[in-house]
Amino acid sequence: RTMLGVTAPTAPTAPSAPAAGPTASAGPRPAPQTNRTMLGVTAPSADASPTTPTRPEPQTHRTMLGVTAPTAPATGGPATGGPATGAAASSWDSQEAMAVVRPSSGRGVLWLGVGLVVLALVAGAAAFLLWPRGPDVRISVGQSEAGEVLVVEVPGAVEGTRVRFSGEERALDAGRAEFPLRADALSLGDNTVAVAVVEPGGKSESVEVLLSLRYRVRADLSALQQDPPVLRIVVDAPGAQATLDEQPVTLDASGHGVVDFPLDAAPDAPSYARQVHFRVVMPNEAPAEGDVRVSIPFTTLQLDRPGRRAITDRERIEVAGVADPEATVTLDGRALELREGRFVTELALDALGESEHAIVARRAGRAPRRVTFQVRRVRDLAAEAAAYPTEALTYARLAAAPNTYRGRRVRFDGRIYNVDVHEGTSILQVLVQDCPRGQRCPLWITYEGATEAGLNEWVRAIGELAGEQQFRSPAGEVLSVPRLDAVFLLPIQGGG
């Protein structure tokens with residue numbers, strides 16, 4: 001077999017020795033002698049003699065990413081071969097490359113490319129089946145919210161089958177199980193991956209795969225937790241030259257290097273997505289190129305109060321909001337307590353004037369969410385509101401042409417007949433006091449922050465006009481009313 005549509009040269013095969021049965025004499029199992037190449041280009045392999053008393057080291061002539069190495073059949077067994085049909089792909093994700101272990105009466109060669117599902121990991125790799133008897137097993141490397149995972153798939157497994165890896169046993173879900181991988185679980189060179197498939201009756205069958213890594217280009221999630229958070233791409237390529245997005249990567253004597261990319265997503269984006277192109281050039285070999293594709297969800301964080309720009313005359317204000325229940329939340333570096341995903345605390349304002357503050361929510365395996373807000377402390381809020389420049393504009397003139405007065409600064413008093421606070425923003429519908437007798441004068445008000453005003457209470461809204469707002473009435477009718485984006489929202493006495 002080969003990977004990604006590239007066949008291997010084969011020669012006429014001589015009859016192989018019969019496989020040993022369950023009663024065969026005990027003794028060390030021989031390892032296959034192998035002339036290896038890299039990523040989907042096979043080399044002729046030979047069966048080791050069943051009578052070999054010890055387990056010899058595989059012979060290897062490796063190449064990199066679709067560049068074949070001239071090889072000759074190893075002695076001690078028949079060679080297989082056929083004409084090559086093309087070059088293998090140089091980069092691929094976990095759906096395109098996985099180790100496939102199938103029941104077989106003879107030893108076979110398998111190829112493995114390692115890639116992440118959410119964060120792509122690209123490796124120059126070859127995988128060899130050490131002991132091929134057993135169930136149909138597919139192994140790849142993926143990425144969960146907590147980091148890298150080993151993905152084990154057993155197609156066609158009966159219900160109740162479990163898989164064991166590294167001392168941990170998990171049930172298959174739709175033929176698939178995931179196991180967390182430590183940061184040091186894979187290394188350059190040879191890695192033996194051993195898994196066991198446990199049938200419902202308790203019978204266990206083990207499978208071993210030898211994974212040989214020449215280089216690695218991967219995303220490191222741990223750098224998301226530093227301040228400021230970054231996307232870190234790690235390159236391990238001894239003796240090679242490497243670039244990321246066409247920029248050279250400085251590698252140390254061991255071939256290790258890192259490049260940090262800022263999380264430059266929109267403030268309210270649900271996830272951070274980026275694609276980083278890599279190029280690795282090994283000595284005397286064709287360049288290997290591909291992409292590390294990253295899609296990281298942001299940690300949930302919502303600020304309810306104060307608004308993003310708040311004005312107050314108090315020495316302390318309330319800060320409240322919602323975050324992922326499994327996250328850690330800080331306000332200006334101070335840890336906040338979460339109760340069922342909600343936080344409430346007080347922020348001391350030591351001096352008059354403007355100050356900026358930051359709330360950060362962090363969760364392992366996710367990008368941290370950072371929300372900043374500005375607070376301006378004044379001596380007297382009512383006096384500050386009165387000093388805000390406005391112009392006289394009657395509701396009748398405004399309602400006749402709302403878009404004409406967009407951007408004008410005005411003041412209206414009114415009684416609330418509907419209020420909704422959603423994701424830290426208050427939406428109020430009020431009936432304006434300045435209204436001809438016998439008429440209703442509705443005004444739509446938005447306020448960046450959670451208001452404490454309730455139904456039938458009177459407020460004074462001061463801010464900028466924003467044209468008209470359309471909405472659907474309870475009867476299903478589409479209505480349009482003037483809209484005011486309030487800078488100040490002050491409680492007042494009944495229409496006074």
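Two residues are in contact when heavy atoms of theirs lie within 4.5 Å. That cut-off helps in reading this predicted model.

Start with the whole chain. The chain has 496 residues, and 45% of them count as buried. Its secondary structure consists of 2 helices and 30 strands. Now look at the contacts between residues at least 6 apart in sequence. Of these, 64% join residues at least 24 apart. The outside can be described too. The accessible surface of the chain is about 25,100 Å². Carbon and sulfur atoms account for 48% of that surface.

Next, go to Thr446. This residue sits in strand β28, which covers residues 442-447. Is Thr446 buried or exposed? Its relative accessible area is 14%. Buried means under 20%, so Thr446 is buried. Which residues does Thr446 touch, leaving out those up to four places away in sequence? One is Ser426. The others are Arg483, Leu484, Asp485 and Ala486.

Now move to Gly290. Strand β17 holds this residue and spans residues 288-297. The relative accessibility of Gly290 is 3%. The cut-off for buried is under 20%, so Gly290 counts as buried. Finally, find Val217. Gly290 and Val217 are 73 residues apart along the chain. In space, their C-alpha atoms are separated by 9.5 Å.

Put the two stops side by side. Thr446 belongs to strand β28, and Gly290 belongs to strand β17. Thr446 is buried at 14%, and Gly290 is buried at 3%.

Notes
Residues numbered from 1 in each chain as written. Predicted model: local features only at pLDDT ≥ 70, side-chain atom pairs only at ≥ 80, totals over all residues. Heavy atoms only, no water. Helix = DSSP H or I, 4+ residues; strand = E, 2+ residues; numbered from the N terminus. Buried < 20%, exposed > 50% of the residue type's maximum accessible area, 1.4 Å probe, protein only. Areas by Shrake-Rupley, 256 points an atom, 1.4 Å probe, with all protein chains shown as cover.
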